[in-house]
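Let's take a stroll through this protein fold together. Keep the structure open while you read, and look for each spot as it comes up.

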Amino acid sequence: MPVYRDDAVVLRTHKLGEADRIVTLLTRHHGKVRAVARGVRRTASKFGARLEPFMVADVQFYEGRTLDTITQAVTIGSYGAEITADYASYTAASAMVETADKLTEEEPSLQQYLLLVGALRSLARGEHGPTATLDSYLLRALSMAGWAPSFHDCAVTGEPGPHSAFVVQLGGVVAESVAPPGTPRLDTSTLELLAALLTGDWTTADAAESQVRSRASGIVAAYTQWHLERGLRSLEHVERQPGRS
């Protein structure tokens, strides 16, 4: 079937020639797609603005030998303007789409698609702090990819918690019997916040103090960088302001 349509969120774009772009999208039913959008860099382009990062659109593709071609795009979720207008939201969204790019392939991944769209929508609406929204997204995305962290029971032995020793390389909190020497300990408030971010308990997450949010965010960043082999370049630029995370 040479022509197909799908809902898609734009992850990134690259210039191609004088007027074209290569657009990387995460689609609802076709996984990650790289396609050429011809003429979108011209002022008169009818759908160039609909194919910017963080935008969600109903896209029509024409299948090609190496790259597909985008022939039409209709906006579904216009989140780009709101996100890019706020630096903290922009850096958080950049880390989200980079994560999605690394975690997904051509195989369909509906859960990852819906998670990313929901996180970008939440950022654009300002429902929660940008960093907290990012941290929750990262924990959930990694869990869907098979790297679910444990913040209560031992990640190694399964021994019921609570445990306070946290080892990124072992998958979360661990019992004292298997904790390597010098393993850092996390306080109860930080572990409760991490669990809340993982499960989407925003009542608990939004009520956390700034120092607790900062500690939890550091744990999420370390856990993410460990499991994504090449790390996230955009994570270095995430703005972390007290009271806004």
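Keep in mind that this is a predicted model. A good place to start is valine 3, whose bridge partner in strand 4 is tyrosine 62. That pair belongs to a bigger picture: strand 1 and strand 4 run antiparallel and are joined by seven bridges. Strand 1 also pairs with strand 2, again in the antiparallel sense. There, arginine 12 has threonine 24 of strand 2 as its bridge partner.

Here are the two pairings of strand 1 side by side:

| Strands | Direction | Bridges |
|---|---|---|
| strand 1 (residues 3–16) and strand 4 (residues 56–62) | antiparallel | seven bridges |
| strand 1 and strand 2 (residues 20–27) | antiparallel | eight bridges |

Strands 1 and 2 make a hairpin, with three residues between them. In that turn, glycine 17 has a positive phi of about 65°.

Now for a couple of loops. Phenylalanine 54 sits between strand 3 and strand 4, and it has a positive phi of about 80° even though it isn't a glycine. Is phenylalanine 54 buried or exposed? It counts as buried, because its relative accessibility is 3%, and the cut-off for buried is under 20%. Further along, proline 162 lies in the loop between helix 4 and strand 6. The peptide bond leading into it from glycine 161 is cis, with omega near 10°.

Finally, the helices. Helix 4 (residues 130–144) packs against helix 7 (residues 210–227) at about 40°, their axes 10 Å apart, in a left-handed crossing. Leu138 and Leu139 are among the helix 4 residues in this contact, and Val220 and Tyr223 are among those from helix 7. The contact residues split into five nonpolar, four polar and one charged.

Definitions and conventions. Residues numbered from 1 in each chain as written. Predicted model: local features only at pLDDT ≥ 70, side-chain atom pairs only at ≥ 80, totals over all residues. Heavy atoms only, no water. Axes fitted to C-alpha atoms, helices over the stretch in contact; angles between N-to-C directions. Helix = DSSP H or I, 4+ residues; strand = E, 2+ residues; numbered from the N terminus. Left-handed = near helix turned anticlockwise from the far one by under 90°. Contact = heavy atoms within 4.5 Å. Nonpolar A, V, L, I, M, F, W, Y, C, P; charged D, E, K, R; others polar. Pairing = 2+ DSSP bridges. Buried < 20%, exposed > 50% of the residue type's maximum accessible area, 1.4 Å probe, protein only.
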